[in-house]
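User: Hey, I've just opened this one and don't know where to begin. Can you walk me through it?

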Amino acid sequence: MTMKSMQEPTFLILTALAAEPQHGYGIMADVLRMSGERVRLRAGTLYAALDRLQGEGLIEADREEVVDGRARRYYRLTSDGEARLAVEAERMRGNADTATSRLRARPRPALAAALGAAALLLPGASRPLSAGRPA
Amino acid sequence: MSLEKRYRRLLAWYPKRHRATYEEEMVAVLLAGSDPGRRWPGARDTFDLLRGGLAVWLRHAGGAESRRHWHEALAVAALVAPIALLVLKAGPVLAYAVGFPPIPRPVSEPMLQTLAVAVPYGVVAVLARLGRRKAAAAVAWGWTALYVWLVAGSSGSGLATVYVIRGGVLLVTGGGGAAVRLALPAALLAVTLTLAPSSRPYGRIVGRLAGWSAAALAAEVASTWIFSPWASAVSLLVPLAAVVVAARSAVGRRATVILLPFMGVAMAWPWWGGSPSDDAALATLAAVAVAVPAVVAWLGRTRGTAAEPAKA
């Protein structure tokens, strides 16, 4: 049976828990950092995902502590979660490798033309590279 | 009102079980992420909380626990429905018999006939109570066919006259149109029983039904002793109170959803006239009363792979 690919926030939440257990706010900060500030999880999205992932057995509650009078629960990856994340990472690596090798195999003229177009767009580039002579 | 209270108000939209597990944590995370001095939740956080709540509700609705609740609610509805029809038929007869002024009236043919019409619902209720769901459905279907034949064939082989007692008044009717309207609740009862699970409903809920039925009968009698345009509303007080009590439990809320269109059809006649718009409304309500138990039977299904927790 084929496995459904994972949404990026889910992948990042599981990745955030891969090394060590973290609490909700820690996961949010970690996901923001890992994604280069591109994925900003908010409480509604995060806790809907945590509830779903716990239901699916991919994560579980680790421990609770009280900080400034407020409950803070840590979550950890289960062995199922670990396996699922490894499969997903492998799948993404496979896709990335395929994309990279296909780009490398691309015919050169097209690449040269693309580079030429890019050079034209660069500030200070006054003449097309193909028409240029060595200075 | 503080920011924390406003966040809690937004979290009230989440299912109770989710709140019990995550509310304190979510409040802590929301407060930690908000700017100092902020008094109102931000638009993005508000939208995100509402969207997250919807996602959780949808997931729980398809979850194993919710399925068990729908399953149980359909079993409860399959028992409440025949009892409701029994009370709706026998109640007015009792009210008519001990009506105002409270002079004992001789037992008349209309009273006996209406009571006889109520008997099959009592049989169905007993069978449903015993968990004999298939037998209850068979009796309900058989009674529906017999009822239509008796009323529609009033000029020939059936009943000479069909009596309906409502609000202490005796109404006389007959013919094909009346047959459909009178037998419609019986047909919907048969549909509900056909779709219902064979399991017996909770002992706790069953125990309370006798009390509610007695209260409904008493209210029906009391409504004929009150001289007010609102007298008929008195008999509605008991079902309304039952809905309020049922709303406190997950099974009760679901059973109310299943029974509402059914009760609408059962209680509509003869207050609704025979105009085309009334008939169209009755037909729509009847269609909903068929569709709701059908959807619930699907939601509460216990066999098949979908009932197992999702494994990614």
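**Starting from one tyrosine**

Analyst: Sure. A:Tyr25 counts as partly exposed because there are 19 C-beta neighbours inside 10 Å of it, and 20 would be needed for a residue to be buried. Keep in mind that this is a predicted model.

User: Okay, and which helix does A:Tyr25 lie in?

Analyst: A:Tyr25 is part of helix α2 of chain A, which covers residues 24–34.

User: What does A:Tyr25 touch, leaving out residues up to four places away in sequence?

Analyst: Two residues of chain B: B:Val29 and B:Ala32.

User: And how far is A:Tyr25 from A:Leu41?

Analyst: Their C-alpha atoms are separated by 9.7 Å, with the two residues 16 apart along the chain.

User: Let's go to the interface. How many residues are in contact between chain B and chain A?

Analyst: On the chain B side there are 23, and they meet 20 residues of chain A. Two elements of chain B give two or more residues each to that side: α2 (16–33) and α3 (43–61). The largest share comes from α3(B), with 10 residues.

User: What classes of residue are on that side of chain B?

Analyst: Where chain B touches chain A, it has 12 nonpolar, 8 charged and 3 polar residues.

User: How does α3(B) sit against α3 of chain A?

Analyst: Helix α3(A), residues 43–55, packs against α3(B) at an angle of about 20°, and the axes are 7 Å apart. Angles under 35 degrees count as roughly parallel, so α3(A) and α3(B) are roughly parallel to each other.

User: Which residues meet there?

Analyst: From α3(A), they include A:Ala43, A:Tyr47, A:Ala48 and A:Arg52. Those from α3(B) include B:Asp45, B:Leu49, B:Val56 and B:Arg59. The residues of this helix contact divide into 6 nonpolar, 6 charged and 4 polar.

User: Switching topic: what's the strand order in the sheet of chain A?

Analyst: The order is β1-β3-β2, in an open sheet of 3 strands with antiparallel pairing. β1 (22–23) and β2 (59–67) of chain A are the edge strands, each pairing on one side only.

User: How many bridges are there between β2(A) and β3?

Analyst: There are 8, and the two strands run antiparallel, with β3 of chain A spanning residues 70–77. For one such pair, take A:Ala61, whose bridge partner in β3(A) is A:Tyr75.

User: Now chain B as a whole. How many helices and strands?

Analyst: Chain B has 11 helices and 2 strands. Going from the N terminus, six α elements come before the two β elements, and five more α elements follow. Chain B has 312 residues, and 37% of them count as buried.

User: What's in the largest nonpolar core?

Analyst: That core has 65 residues, and those with the most contacts inside it are B:Leu74, B:Ala77 and B:Ala140. Helices of chain B supplying at least two residues each include α4 (64–97), α6 (133–152) and α7 (176–195). α4(B) gives the most, with 19 residues.

User: What does B:Ala140 touch, again not counting residues up to four places away?

Analyst: B:Ala140 touches B:Val124, B:Ala186, B:Leu189, B:Ala190 and B:Leu193. Apart from the largest core lies another core of 32 residues. Among its residues are A:Ala48 and A:Tyr75 from chain A, plus B:Leu49 and B:Val56 from chain B.

User: So A:Tyr75 turns up again?

Analyst: Right, A:Tyr75 is the bridge partner of A:Ala61, and A:Tyr75 is also among the residues of the 32-residue core.

Key: Residues numbered from 1 in each chain as written. Chains lettered and ligands numbered in written order. Predicted model: local features only at pLDDT ≥ 70, side-chain atom pairs only at ≥ 80, totals over all residues. Pairing = 2+ DSSP bridges. Helix = DSSP H or I, 4+ residues; strand = E, 2+ residues; numbered from the N terminus. Contact = placed C-beta atoms within 7 Å. Nonpolar A, V, L, I, M, F, W, Y, C, P; charged D, E, K, R; others polar. Buried ≥ 20, exposed ≤ 12 C-beta atoms within 10 Å, placed from the backbone. Axes fitted to C-alpha atoms, helices over the stretch in contact; angles between N-to-C directions. Parallel < 35°, antiparallel > 145°, perpendicular 65-115°, else oblique. Core = buried A, V, L, I, M, F, W, Y, C linked by C-beta atoms within 7 Å.
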